[in-house]
Amino acid sequence: MSDHNVRSFSVHQGSVLDGEFTLRIKPERFPETSDQAFSGKSKSDRKFNIRIKQHDILLFDALAEQEGVSRSVLINRLLHDFLRDELMSVQEDDARALLAITADEQANYDDLAQPWVLDAIGWECRHLLGNVLKFNSQYEQQPSDHPGAPENQFNSEAFIGLRDKLKGIKK
Amino acid sequence: MSRGILSKMIEEIGESQAEIRAEDYTMVNVRPGEKVASMLDLVSGLSGKTPSAVIAEELSSRLAAYATSSATHARAILNAAEEALKQSQMLQPGCALDILQKADVIEFENGFEKQIKGKLFPSEEGSQSGDHE
């Protein structure tokens, strides 16, 4: 057992239990569903250096001051809107879902920040996502049992191409 | 002789490099949070551009659109434009304020333009100043 999972300390309360105490914690006994705090997957704090025109900085600062937020909050708001619009511009449902799930897999979300709807119907959402990724539809489809049927018979060409490109990026 | 692919590409590289030198940029450090950072990394990887390049192309027009999303932003736009003109006497090409000017959301006259106007249309200038009094 590693040292940081064991503590020893003295207790003097004037009772028969007084003396040297030893306290151990056993992470291996935690249920498998516990969070990743012990696996060392810490919350990311990634920084990006971005080029911004100086006159845009002036407008960012003026708007941020008026709204009582920091420049950084305003930049992040615009970045989020931009990336969401980029994602939503993908026409094929399965390709759009693949992009979203790939980004989500790379993120380390804080459970406190996720929408309540995911707490309430997370399983249904995952089921729906599975259907979109597999069948390019919200509903399950009956796969063709024809021996010549392609592996991704329901997926769009965009999905198949994107999946291959994403494999290349992850390598 | 038609222009080759390489010569066109090199010309474009030269143009973009000149643009970078000509325009004043500031490097800003942002921590966009998990959701934005992961998607930005993904778009960057797919497009083959750096995250900064992905953002730089889009940010000014997004900022201009955001600035006009509420009439309550008018004062902030004026404040920023005033500061920009005090600093440079003109707006940076392609910046959000420049986009707003091209969209006729803001307009300005510099001192030289006012002098010319005053010489060409002295009576109009006089009556305008009279109106203000």
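# Exercises on helix H1 of chain A and its partners in chain B

The buried residues of H1(A) pack against strand E3 (48-53) and helix H2 (71-88) of chain A, together with E1, H3, H4 and H5 of chain B. This is a predicted model, in which local features need pLDDT of at least 70 and side-chain atom pairs count only at pLDDT 80 or more, while totals for chains, interfaces and linings use all residues. Residues are numbered from 1 along each chain as its sequence is written, and chains are lettered from A and ligands numbered from 1 in the order in which they are written.

**Exercise 1.** Compare the expected span of helix H1 of chain A with the distance between its end C-alpha atoms, and then list its buried residues.

*Solution.* Begin with the length: H1(A) covers residues 54-67, and its 14 residues at 1.5 Å a residue should span 20 Å (1.5 Å times one less than the number of residues). The end C-alpha atoms are 20 Å apart, which agrees. Helices here are DSSP runs of H or I with at least four residues, and strands are E runs of at least two, numbered from the N terminus. Next, take the buried residues (20 or more other C-beta atoms within 10 Å; exposed means 12 or fewer, partly exposed in between). In H1(A) these are A:His55, A:Asp56, A:Ile57, A:Leu58, A:Leu59, A:Phe60, A:Ala62 and A:Leu63. Finally, look just past the helix, where A:Gly68 takes a positive phi of about 70°.

**Exercise 2.** Find which residues have the most contacts inside the largest nonpolar core, and explain where this core lies relative to the two domains of chain A.

*Solution.* The largest nonpolar core (buried Ala, Val, Leu, Ile, Met, Phe, Trp, Tyr and Cys joined through C-beta atoms within 7 Å) has 44 residues. Those with the most contacts inside it are A:Leu59, B:Leu40, B:Ala67, B:Ala80, B:Ala96 and B:Leu97. Domain 1 (50-89) and domain 2 (90-171) of chain A both give residues to this core, so it lies between them. The bounds come from an automatic or database domain assignment, and the C-alpha centres of the two domains lie 30 Å apart. As a last step, follow B:Ala80, which, leaving aside its neighbours within four places in sequence, is in contact (C-beta atoms within 7 Å) with A:Leu58, A:Leu59, A:Ala62 and B:Leu97.

**Exercise 3.** Describe the side of chain B that touches chain A by its elements and by the kinds of residue it holds.

*Solution.* The contact takes 47 residues from chain B and 40 residues from chain A. On the side of chain B, strand E1 (25-30) and helices H2 (34-47), H3 (51-67), H4 (74-88) and H5 (96-102) each supply at least two residues. The largest share, 12 residues, comes from H2(B). By kind, the residues of this side divide into 27 nonpolar, 10 polar and 10 charged.

**Exercise 4.** Which phi value does B:Gln89 take, and is this residue buried or exposed?

*Solution.* First place the residue: B:Gln89 lies in the loop between H4 and H5 of chain B. Its phi is near 65°, a positive value in a residue other than glycine. With 10 other C-beta atoms within 10 Å, B:Gln89 is exposed. The loop between H4 and H5 of chain B also holds B:Gly94, which counts as partly exposed because it has 18 C-beta neighbours inside 10 Å. The C-alpha atoms of B:Gly94 and B:Ser60 are separated by 7.1 Å, although these residues are 34 residues apart along the chain.

Definitions and conventions:
Two residues are in contact if their C-beta atoms, placed from the backbone, lie within 7 Å. Ala, Val, Leu, Ile, Met, Phe, Trp, Tyr, Cys and Pro count as nonpolar, Asp, Glu, Lys and Arg as charged, and the others, Gly among them, as polar.
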